[in-house]
Amino acid sequence: MAKSKSSACSKAGLPKMPPIQELKPVVKPWPRGKRCACLFTFDLDADVTWVHRGVDDPIGLSMGRYESKVGVPLLLNMLDEYGIKSTFFVPGWVAEKYTPTIEDILRRGHDIEHHGYLHEPPRTFKSRDEEEEALLKGIETLVRITGRRPRAYRSPFWEFSANTIPLLNKHGFEYTGDLMDTLLPDYHVVDGRLTSMMNLPGHWILDDLAHFYYHISARKTILSCRQVLELYQEEFHGIRAYGGLFTLTMHPQASGRPSRVMMLGQLIRYVQSFSDVWVTSPAELVKYWRTAHPVETLAAAE
């Protein structure tokens with residue numbers, strides 16, 4: 001039986017809020033009467049963000065190499081422990097350089113999806129053709145290494161150009177993980193037409209780099225695990241109250257630090273303690289949403 005919201009908040013040390021039963025979810029229940037859904041996802045950038053910018057900084061590059069050496073193995077073991085299947089969004093260049101890491105992720109039952117080729121923000125391309133060329137290079141690379149065409153895309157730096165969504169739709173992507181204007185999965189509109197390509201909303205508050213990232217060239221306050229766990233739990237409670245989708249976006253060079261892996265395990269145990277929360281993979285969630293909220297029905301209602 002799920003804990004009431006007020007008791008859960010009290011247990012977590014959060015401010016007391018109205019009982020969750022008083023709040024109505026924004027949509028009909030998720031599968032099996034679940035109140036909300038939860039995804040734990042990763043962006044495997046490694047050292048490509050430095051390479052893309054032409055920065056030859058051994059220490060900066062080593063921050064990225066930490067992912068394959070330490071961060072990803074620790075996180076994969078943790079996901080195994082809690083029985084969670086995830087998606088790793090990977091630039092093509094990273095898949096080429098760290099192929100054994102990609103193979104380990106696949107062997108553990110997780111998905112590999114598109115995250116650019118050199119982690120290029122789409123807005124930096126000079127033309128639609130240039131952006132499409134990089135998109136295709138990423139597709140071809142992942143097909144060659146994983147044996148499967150990527151179905152999903154998360155934009156590097158969470159930036160789109162005016163061409164990104166139409167290009168993704170053109171090349172048959174099933175879903176993205178970028179736009180922040182809803183609490184629920186939503187179908188993309190291209191050229192005024194509702195498409196079958198879906199967006200799984202995220203937000204900076206649930207992106208670990210917003211809280212943990214630091215480099216001498218990007219000085220910012222590093223929050224403690226306690227502070228970030230509190231932020232994650234607060235957002236989880238709000239999303240659960242209104243029946244939305246909680247999507248955590250993590251980078252193994254940040255969330256793969258030992259204390260943060262332990263904190264993530266604590267968060268997972270906490271989320272899994274609620275019987276009305278569906279912890280699943282992006283692929284399974286998209287499959288469910290297409291069945292429960294078919295695009296054809298929504299298009300006919302417009």
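**Exercises on strand S8 and two pockets**

Strand S1 (residues 36-43) and S8 pair in the parallel sense over 6 bridges; strands (E, at least two residues) and helices (H or I, at least four) are DSSP runs numbered from the N terminus, and pairing requires at least two DSSP bridges. The model is predicted, with local features needing pLDDT of at least 70 and side-chain atom pairs pLDDT 80 or more, while totals for chains, interfaces and linings use all residues. Residues are numbered from 1 along each chain as its sequence is written, and side-chain values use heavy atoms, without hydrogens and water.

**Exercise 1.** Determine how many residues of S8 are buried (under 20% relative accessible area; exposed is over 50%, partly exposed in between, 1.4 Å probe, protein chains only), and which residues form each face.

*Solution.*
1. S8 spans residues 245-250, and 6 of its 6 residues are buried.
2. One side carries Leu245, Thr247 and Thr249.
3. The other side carries Phe246, Leu248 and Met250, and both faces are covered.
4. Within the pairing with S1, Thr247 of S8 has Leu39 opposite it.

**Exercise 2.** Describe the largest pocket by volume, lining and residue classes.

*Solution.*
1. A pocket is an open set of 1 Å grid points, over the protein atoms alone, where a 1.4 Å probe fits, with protein on both sides within 12 Å along at least five of seven lines; lining residues have an atom within 4 Å of a point.
2. The volume of the largest pocket is about 390 Å³.
3. Its lining comprises 20 residues, with Asp45, His119, Phe157, Leu209 and His251 nearest the centre.
4. Helices H2 (48-52) and H8 (209-212) each contribute at least two lining residues.
5. By class, this lining holds 8 nonpolar, 7 polar and 5 charged residues.

**Exercise 3.** Identify the helices that supply the lining of the second largest pocket and state its volume.

*Solution.*
1. The second largest pocket holds about 170 Å³ of space.
2. Its lining includes Met63, Tyr66, Leu209, Phe212 and Arg257.
3. Helix H3 (58-82), H8 and helix H10 (252-255) each supply at least two of the lining residues.
4. The lining divides into 8 nonpolar, 1 polar and 2 charged residues.

**Exercise 4.** Decide whether Gly54 is buried or exposed, and whether Asp276 is buried or exposed.

*Solution.*
1. Gly54 is in the loop between H2 and H3.
2. Its relative accessibility is 63%, so Gly54 counts as exposed.
3. Asp276 occupies the loop between helix H11 (258-272) and strand S9 (277-279).
4. Asp276 is buried because its relative accessible area is 14%.

Notes: Points joined across faces, edges and corners; volume = space filled by probe spheres on them. Nonpolar A, V, L, I, M, F, W, Y, C, P; charged D, E, K, R; others polar.
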